[in-house]
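Me: Could you take a close look at one part of this model for me? I would like to understand the largest pocket and the helix packing around it.

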Amino acid sequence: MSTADAVRDELLKSNSAFRDLVHQHQDFEARLSELAHLTYPNEDEQLEEITLKKRKLAIKDEIYAMMQQQVVSH
């Protein structure tokens, strides 16, 4: 197990905000997968895809920042 995995597991157990971010990231990934399988997405679906990609990336940045803070503080 890598250090990143250990930090992630520790935060998943101990930090509800981190857990919420990870779940939100997973939900966005699932919805993006659904949108990717649409043959002819309408304008709303295309906009939703763009928005979700941006939000997912922002959440990923928050997750990694929290992981980095955890490493620094220990």
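Reply: Happy to; here is a walk through the pocket, then the helix contacts, and finally a salt bridge. Please keep in mind that this is a predicted model.

Let's begin with the pocket itself. The largest pocket has a volume of about 160 Å³. Its lining is made up of Ala4, Asp5, Arg8, Val22, His25, Gln26, Lys60, Ile63, Tyr64 and Met67. Sorted by class, that lining holds five nonpolar, two polar and three charged residues. Three helices take part, since at least two lining residues come from each of α1, α2 and α3 (43-73). The biggest share belongs to α3, which supplies four residues.

Now for how these helices meet, beginning with α1 and α2. Helix α1 spans residues 3-14 and helix α2 spans residues 16-36; they pack with their axes 6 Å apart, at an angle of about 110°. Because angles of 65 to 115 degrees count as roughly perpendicular, α1 is roughly perpendicular to α2. On the α1 side, the contact is formed by Arg8, Leu11, Leu12, Lys13 and Ser14, while α2 brings Ser16, Phe18, Arg19, Val22 and Gln26. The classes in this contact are four nonpolar, three polar and three charged residues. Arg8, Val22 and Gln26 from this contact also appear in the pocket lining.

The pairing of α1 with α3 comes next. Their axes come within 10 Å and cross at roughly 100°, so α1 is roughly perpendicular to α3 as well. Here Ala4, Val7, Arg8, Glu10 and Leu11 of α1 meet Met66, Met67, Gln70 and Val71 of α3. By class, this contact of α1 with α3 counts six nonpolar, one polar and two charged residues. Ala4, Arg8 and Met67 take part in it, and they line the largest pocket too. Arg8 is thus worth a second glance: this α1 residue is in the contact with α2, in the contact with α3 and in the pocket lining.

To finish, a detail within α2. The structure holds four salt bridges, and one of them joins the side chains of glutamate 34 and arginine 31, at 2.9 Å from N to O. Both partners lie in helix α2, three residues apart, which is about one turn of the helix.

Notes: Residues numbered from 1 in each chain as written. Predicted model: local features only at pLDDT ≥ 70, side-chain atom pairs only at ≥ 80, totals over all residues. Heavy atoms only, no water. Axes fitted to C-alpha atoms, helices over the stretch in contact; angles between N-to-C directions. Parallel < 35°, antiparallel > 145°, perpendicular 65-115°, else oblique. Contact = heavy atoms within 4.5 Å. Nonpolar A, V, L, I, M, F, W, Y, C, P; charged D, E, K, R; others polar. 1 Å grid on protein atoms, 1.4 Å probe; cavity = no way out; pocket = protein on both sides within 12 Å on 5 of 7 lines; lining within 4 Å. Points joined across faces, edges and corners; volume = space filled by probe spheres on them.
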